[in-house]
Amino acid sequence: MNRREFLKNVGASGMVLVAPTTLSSKASAAELAPVGKYFVYAHLGGGWEPTTFCNPKGNQLRGNVGANLGIDAGSVRNAGSPVNRYPASAIRKAADIYTGSASISSEMAYAPYLGTFNRSGPNGELDDGAANEGLTTRHIQKILSGDYDAGSETLTAESDATFDWKVSKTAAEIQANAKRILESMASNGNSSMTVDLNDITSELTDRNLDNAVSGGNPSGNYFVYDAFVCLYADLMRVLNGVDNRTNSHSTGTQYADTGSMAMGYPDFSALYSAVKGADRPLAWMTDGSGNNESAGLVARSSAADADIFDILADPTRDRDADLNQHMTSSFRPFLDRANAARERLQAQQENLPLRRQYQDQLYLVRAQGSQFTDTANVINQPEPGTLAEEVLKAANSGTQRHMRVGAAGFSTGMASSMQVGFGGFDTHGDHDNNHYPRIRRVLVDLHFLFRALEAYGVLNQTTIVVGSDFGRTPWYNDGDGKDHWAVTSYLLFGNGVSGGTSVQATNGLVEARNVNTSNLQAVSSGGTLMTASHLHLALRKFAGIQNHEYSLEFPIDAEDMPMLG
């Protein structure tokens, strides 16, 4: 099967589609100079709940919170519900867990993971800020400083009563444990690591702890939040209090990804890749998640399985054997259905305008002008013993494979931006049991992304944005779920971002507060609300594309704010 035949068949399946002739510029893969500045946009589909991670509030009843703010309890919606189920004393400070040398804002805090805290005080009270007798910050420090047994995959918490954080163990040893926690989680959400709490359990009072925690042998899954903050607090900027101005999934998704509610705007990652070279073979790497709008400026690209490049590298040789050997089981059905779908797909596309054609296309591999031998080797055959080889072996999901190929695409000049999505955040029922694990999965995959970017030498050149449709209500509904709430948070990482910082622009009821436009400090009068428009304007400016004709075609009406720091 030659390359043309392969592309024809696979293209019909919708898995690989060739760039339209409007993208006529031809460039050899060897001539594609890396862009030098890259962006990854991660969309948390369904509307995530920041108070479950980066904007923790505690379990004080909303009516009491309102009273503390000078608001009559009778006017507070759902006054009898707490915002969260953990007490304020269980909230962890990033600066107490981070092991590096950077300065971390004292305001950067994060929620304890589900099952590691007691929800109430001795008498069942929710409002006692000192009620937590679960795992404290000191306990987490002891866990991260523990002794690891590779044979049993057990991390035994430090037991020394005179334990001194970052003295009993070096920062490198602590970071190694944090990495083990993050890398022990499989694609099904289960961890292979056990944490022996040693004598910590004698210090715990079990009122609401998970059985595994109170029993002293929990999975490493309980400590993913802590491990992530331990490693990456210095890269992270938290924007708490961004008003996404809607409770609609479709509008919120569009607004979060484009910075505008006007129809037809391109996602930031698509806009950037169009400006930086739409003819690049993998210009805009997207898994089809989020808003996924290119506005006809650039074709969608994805290749979670890098064997596609291996096949394209040698178009003259029969590839039937290679297809059987290399294509994953999930890829085979696309080929099997390709011929049957071909005529129907062609007939549909002939009646679609260009923009709609782009919207229906997910995968792009250019058929002309590029040879992929070098790139296939870079992706499929990394040097033994390198981080790139580790990342290749570690990828355990389609999302991680997409990230790995995207990072390689950045380093080879084939791509300039990436879109990736995570679903499952629309937790209208049983919020806590569903939401915490979803955030944990995102943090594990972000850790993988950082490793992949480092493996291909582009970590320090990449900016990562994590956003969502909107937030979730700061109260629980009758089904223990949380509904739609316009106020949300964004996480920023990496290049151009002032890491170790946290913008606090919500009150105790998770209402957005106005901020000073020059420093993003919350103000009691004047100022303005932070919105996704402000963030996207800042992203365009940092990317250096704010005055490009494509950006001017899709303007953003917002004040200039230092959203990246």
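Here are two short exercises on a predicted model, each with a worked solution.

**Exercise 1. The cavity**

Work out how many cavities of 30 Å³ or more a search of the whole structure finds, and which residues line the largest cavity.

*Solution.*

1. Start with the count: searching the whole structure turns up one cavity of 30 Å³ or more.
2. Now the volume. The largest cavity holds about 40 Å³ of space.
3. Next, go round the wall. You'll meet L44, W48 and F53, then F425, I439, V442, L443 and L446, and also L491.
4. Sort that lining by class: nine residues are nonpolar, while no polar and no charged residues turn up.
5. Finally, ask which element gives the most to the lining. That's helix α17, spanning residues 431–455, with four residues.

**Exercise 2. The three-stranded sheet**

Find the strand order of the open sheet of three strands, then say which are the edge strands and what bridge partner T156 has in β6.

*Solution.*

1. Lay the strands out: the order is β4-β5-β6, and the pairing is mixed.
2. Pick the edges. β4 (147–149) and β6 (194–196) each pair on one side only, making them the edge strands.
3. Check the twist. Ignoring direction, neighbouring strands of this sheet are turned by 20 degrees against each other on average.
4. Zoom in on one pair: β5 (residues 154–156) runs parallel to β6, and three bridges join the two.
5. Pin down a single bridge. T156 has D196 as its bridge partner in β6.

Terms used
Residues numbered from 1 in each chain as written. Predicted model: local features only at pLDDT ≥ 70, side-chain atom pairs only at ≥ 80, totals over all residues. Heavy atoms only, no water. 1 Å grid on protein atoms, 1.4 Å probe; cavity = no way out; pocket = protein on both sides within 12 Å on 5 of 7 lines; lining within 4 Å. Points joined across faces, edges and corners; volume = space filled by probe spheres on them. Nonpolar A, V, L, I, M, F, W, Y, C, P; charged D, E, K, R; others polar. Pairing = 2+ DSSP bridges. Axes fitted to C-alpha atoms, helices over the stretch in contact; angles between N-to-C directions.
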